[in-house]
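Let's go through how a pair of packed helices is read. Have a look at the model first.

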Amino acid sequence: MPPRNVDWLSSFIADEAREADAPAAAAAVANVVFLSHRIRELAITYGLGARLHHGERHWDDIRDELARGWERLRGAEQVPWTHVEGEVEGAWRLVLAD
């Protein structure tokens, strides 16, 4: 367990950094999209399946194709590709992670 004053100092530094970046942090929070568990699970499954289907292709080469596929896959949910692209890409990249 670190000495008590180290904890105080690190939290003080973190507070100062947060205050300095408050406008940037507020802008980042404003751009956060909350996905339901069901949509997040669908996006991750889609990304894993895409990696298995497309193998060693580069993400940039298949992004547009996957976006069109998402429009068909999402059904009545109406969650746009821009909201799930990060989840899909993260799962796609995870398959080959060491």
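**Reading a helix pair**

A: Start with one residue: E85 touches W59 and R63, leaving aside residues up to four places away in sequence (contact means heavy atoms within 4.5 Å). This is a predicted model, where local features need pLDDT of at least 70, side-chain atom pairs count only at pLDDT 80 or more, and totals for chains, interfaces and linings use all residues. Residues are numbered from 1 along each chain as its sequence is written, and side-chain values use heavy atoms, with hydrogens and water left out.

Q: Is E85 buried or exposed?

A: Buried means under 20% relative accessible area, exposed over 50%, partly exposed in between (1.4 Å probe, protein chains only). E85 has 18% relative accessibility, so it counts as buried. Its place is in helix α5.

Q: How do α4 and α5 cross?

A: Two packed helices are described by the angle between their axes and the distance between the axes. Here the axes of α4 (residues 59-73) and α5 (residues 81-94) come within 11 Å and cross at roughly 125°. That makes α4 oblique to α5, since angles under 35 degrees count as roughly parallel, over 145 as roughly antiparallel, 65 to 115 as roughly perpendicular and the rest as oblique.

Q: Which residues make the contact?

A: From α4, W59, I62, R63, L66, A67, W70 and E71; from α5, W81, V84, E85, V88, E89, W92 and R93.

Q: Which residues of α4 are buried?

A: W59, I62, L66, A67, G69 and W70. The buried residues of α4 pack against α3 (37-54) and α5.

Methods. Axes are lines fitted to C-alpha atoms, for helices over the stretch in contact, and angles run from 0 to 180 degrees between N-to-C directions. Helices (H or I, at least four residues) and strands (E, at least two) are DSSP runs, numbered from the N terminus.
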